[in-house]
Amino acid sequence: MKRSDINAIMAEADEMIRRHGFALPPFAHWTPEEFAARAKDAHQVIDARCGWDITDYGAGRYAQMGLFLFTLRNGLLSDLRAGGGMCYAEKLLISRQDQLSPMHTHVLKAEDIINRGGATLVVELYGSDDAGNFAEDRGGTVWCDGIRHEFAPGERLRLAPGESVTLRPGDWHAFWGEGGDVLIGEVSTVNDDETDNIFREPIGRFAEVEEDVPPTRLLVSDYGTWLRG
């Protein structure tokens, strides 16, 4: 993805988030230079990889297959493994109309996916086999706003604003906006996007960035290079 496109997506997303009555935390608006100057005090943000995240899954077709994310808060895997401390995470996502977030599952993370506003959020569901692999012939059980729902393989939930689904590790899912763009909330156990996203197809989690212009804001995938040391 071109950095100029990433900058534009950030600005559009910030406007959509504000339009729905949410405000991002102050560090969301730091320039790269401000982030570097405050990196020592912001080590929790950096270590937990909170912040801007825009991906085309390495496919180069963001409008068709991609996702905007902002990680608002996140604990550490060490807390989760110890069974205490900050064992939770929260994100905002934007799924554009017909923009696919492809079929995937998580080994560790359980998550509530919540339609916070906009159009309809479609979530396509499959179960897993005994080894946790994608199983085209298996359904399972999810909870929609606390109500049990038995889903058939490939069933598509249509979540209106305010509705949600709880996904457990091993629940395979893909999602997209139907009829317009959707602001999505995600509340989960600790989030590890580097190792805990298992895709059905051999795709990447993060975008390759073409630096055609300077960044207006850093992505979480920039932290290792821009904030080194």
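Mentor: Strands here are DSSP runs of at least two residues, labelled E and numbered from the N terminus. The model is predicted.

Trainee: In which loop is the place of Asp 145?
Mentor: Strand E7 covers residues 140-144 and strand E8 covers residues 147-151. The two form a hairpin with 2 residues between them, and Asp 145 is in the turn. Its loop is therefore the one between E7 and E8.

Trainee: What is phi of Asp 145 near?
Mentor: Asp 145 is a residue other than glycine. Its phi is nevertheless positive. The value is near 55°.

Trainee: Is Asp 145 buried, partly exposed or exposed?
Mentor: The relative accessible area of Asp 145 is 43%. Buried needs under 20%, and exposed needs over 50%. The value of 43% falls in between, so Asp 145 is partly exposed.

Trainee: In which sense do strand E7 and strand E8 pair, and over how many bridges?
Mentor: Take one position first: Thr 141 stands opposite Glu 150 in E8. Pairing needs at least two bridges between the strands. E7 and E8 pair in the antiparallel sense, and the bridge count is 5.

Trainee: What separates the C-alpha atoms of Val 182 and Thr 141?
Mentor: Val 182 is found in strand E11, residues 172-189. Along the chain, Val 182 and Thr 141 are 41 residues apart. Their C-alpha atoms are separated by 24 Å.

Trainee: Is Val 182 buried or exposed?
Mentor: Look at its contacts beyond four places in sequence: among them are Met 16, Leu 93, Ile 94, Asn 115 and Leu 121. The relative accessibility of Val 182 is 0%. The cut-off is under 20%, so Val 182 counts as buried.

Trainee: Which residue forms a salt bridge with Glu 178?
Mentor: The closest N and O atoms of the pair are 3.0 Å apart. Glu 178 is in strand E11, and its partner is in strand E9, 20 residues apart. Glu 178 has a relative accessible area of 29% and its partner 44%, so both are partly exposed. The partner is Arg 158.

Trainee: How many salt bridges does a search of the whole structure find?
Mentor: Side chains of opposite charge can pair when their charged atoms come close. Some bridges link up: Asp 53, Lys 91, Asp 193 and Arg 205 are in a network. The search of the whole structure gives a count of 17.

Trainee: With which residue does the side chain of Arg 49 meet in a salt bridge?
Mentor: The N to O distance is 3.8 Å. Arg 49 sits in the loop between H3 and E1, and its partner sits in the loop between E11 and strand E12, 145 residues apart. Arg 49 is partly exposed at 24%, while the partner is exposed at 54%. That partner is Glu 194.

Trainee: What is phi of Arg 49?
Mentor: Arg 49 lies between helix H3 (43-47) and strand E1 (51-55). Arg 49 is not a glycine, although its phi is positive. The value is about 55°.

Trainee: What is the N to O distance in the salt bridge of Lys 109 and Glu 111?
Mentor: Lys 109 has a relative accessible area of 4%, so it is buried. Glu 111, at 3%, is buried too. Their side chains meet at an N to O distance of 3.6 Å.

Trainee: Which residues make the nonpolar surface patch of about 250 Å²?
Mentor: One member, Leu 108, is found in the loop between strand E4 (101-105) and strand E5 (111-128). Leu 108 counts as partly exposed because its relative accessibility is 45%. The patch is made by Val 107, Leu 108 and Ile 198.

Trainee: Why is the pair of Trp 30 and Phe 35 classed as it is?
Mentor: The structure holds 8 aromatic pairs. In this one the ring centres are 5.1 Å apart and the planes are at 80°. Planes over 60 degrees apart meet the cut-off, so the pair is edge-to-face.

Trainee: What class is the pair of Tyr 126 and Phe 134?
Mentor: Their ring centres lie 4.8 Å apart, with planes at 55°. Tyr 126 is buried at 13%, and Phe 134 is buried at 17%. An angle of 55° is neither under 30 nor over 60 degrees, so the pair is tilted.

Trainee: Which residues do ring pairs link into a cluster?
Mentor: Rings pair if their centres lie within 6.5 Å. Ring pairs of this kind join four residues here: Phe 27, Trp 52, Phe 68 and Phe 70.

Key
Residues are numbered from 1 along each chain as its sequence is written. This is a predicted model: local features need pLDDT of at least 70, side-chain atom pairs count only at pLDDT 80 or more; totals for chains, interfaces and linings use all residues. Side-chain values use heavy atoms; hydrogens and water are left out. Patches are made of residues with over 30% relative accessible area and no salt bridge: like charges are joined within 9 Å, nonpolar side chains (Val, Leu, Ile, Met, Phe, Trp, Tyr) within 5 Å. Accessible areas come from the Shrake-Rupley method with a 1.4 Å probe; for residues, only the protein chains shown count as cover. A salt bridge is a side-chain nitrogen of Lys or Arg within 4 Å of a carboxyl oxygen of Asp or Glu. Helices (H or I, at least four residues) and strands (E, at least two) are DSSP runs, numbered from the N terminus. Buried means under 20% relative accessible area, exposed over 50%, partly exposed in between (1.4 Å probe, protein chains only). Contact means heavy atoms within 4.5 Å. Rings of Phe, Tyr and Trp (its six-membered ring) pair if their centres lie within 6.5 Å; planes under 30 degrees apart count as stacked, over 60 as edge-to-face and the rest as tilted.
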